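Please examine the sequence and the structure shown here before reading the briefing.

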Amino acid sequence: QYDSLAQEMAKEALKGDLPWPHATFCYVAFMHSEKVEMVEEACLGLLRLSASVETNVVSRIKSMHVEARHHATTLRNFGRYPHRNEVLGRTSTMGEQKWLHSKKLPAWAMSVRPKFNRTPEPTTEQKTVA
């Protein structure tokens, strides 16, 4: 519920002429949505923003754009953020479990794991072996 409130506020704020740090903060709120359209809006907004900022800031904005694209790809692949499943009481699919155990798992996908348990839920194969 708070994500959607933040996204509504961010959308409203972006209607104005915001300094780049404030605009990027708003796009981060979009990146937390599990609606791929909203994350793609962040991608497009960050791309536009990178074309309008000072040269010394461009690489930061482009880096955020890349992260937003990774978020959108994850949503297109799974329809949700698999790393949130445990916290939200959702059951992970086999594909999600494989992704969660991947060595290529992005750092942002590790952010919601409880600090006392940094390992993702075991895959079905791991459960049978144990």
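The briefing below covers the nonpolar cores, the salt bridges and the main pocket.

This is a predicted model, in which local features need pLDDT of at least 70 and side-chain atom pairs count only at pLDDT 80 or more, while totals for chains, interfaces and linings use all residues. Residues are numbered from 1 along each chain as its sequence is written, and side-chain values use heavy atoms, with hydrogens and water left out.

**Nonpolar cores**

- In soluble globular proteins, nonpolar side chains tend to be buried together.
- The largest nonpolar core (a set of buried Ala, Val, Leu, Ile, Met, Phe, Trp, Tyr and Cys residues joined through side-chain atoms within 4.5 Å) has 17 residues, of which Tyr-27, Phe-30, Leu-46, Leu-49, Val-53 and Ile-61 touch the most other members.
- At least two residues of this core come from each of helix H2 (20-31), helix H3 (36-50) and helix H4 (55-78); helices are DSSP runs of H or I with at least four residues, numbered from the N terminus.
- The greatest contribution to this core, six residues, is that of H2.
- A second, separate core has ten residues, among them Leu-75, Tyr-81, Leu-100 and Trp-108.

**Salt bridges**

- The structure contains seven salt bridges, each being a side-chain nitrogen of Lys or Arg within 4 Å of a carboxyl oxygen of Asp or Glu.
- Arg-84 pairs with Asp-3, and their closest N and O atoms are 3.9 Å apart.
- This pair links distant parts of the chain, 81 residues apart: Asp-3 belongs to helix H1 (residues 2-13), and Arg-84 to the loop between H4 and helix H5 (85-88).
- Arg-84 counts as buried because its relative accessibility is 14%, whereas Asp-3, at 38%, counts as partly exposed; buried means under 20% relative accessible area, exposed over 50%, and partly exposed in between (1.4 Å probe, protein chains only).
- Arg-76 in helix H4 and Glu-40 in helix H3 are 36 residues apart, and their side chains meet in a salt bridge of 2.6 Å, N to O.

**The largest pocket**

- The largest pocket has a volume of about 200 Å³.
- On a 1 Å grid over the protein atoms alone, a pocket is an open set of points where a 1.4 Å probe fits, with protein on both sides within 12 Å along at least five of seven lines; the volume is the space filled by probe spheres set on the points, which are joined across faces, edges and corners.
- Its lining residues (those with an atom within 4 Å of a point) include Asp-3, Tyr-81, Arg-84 and Trp-108.
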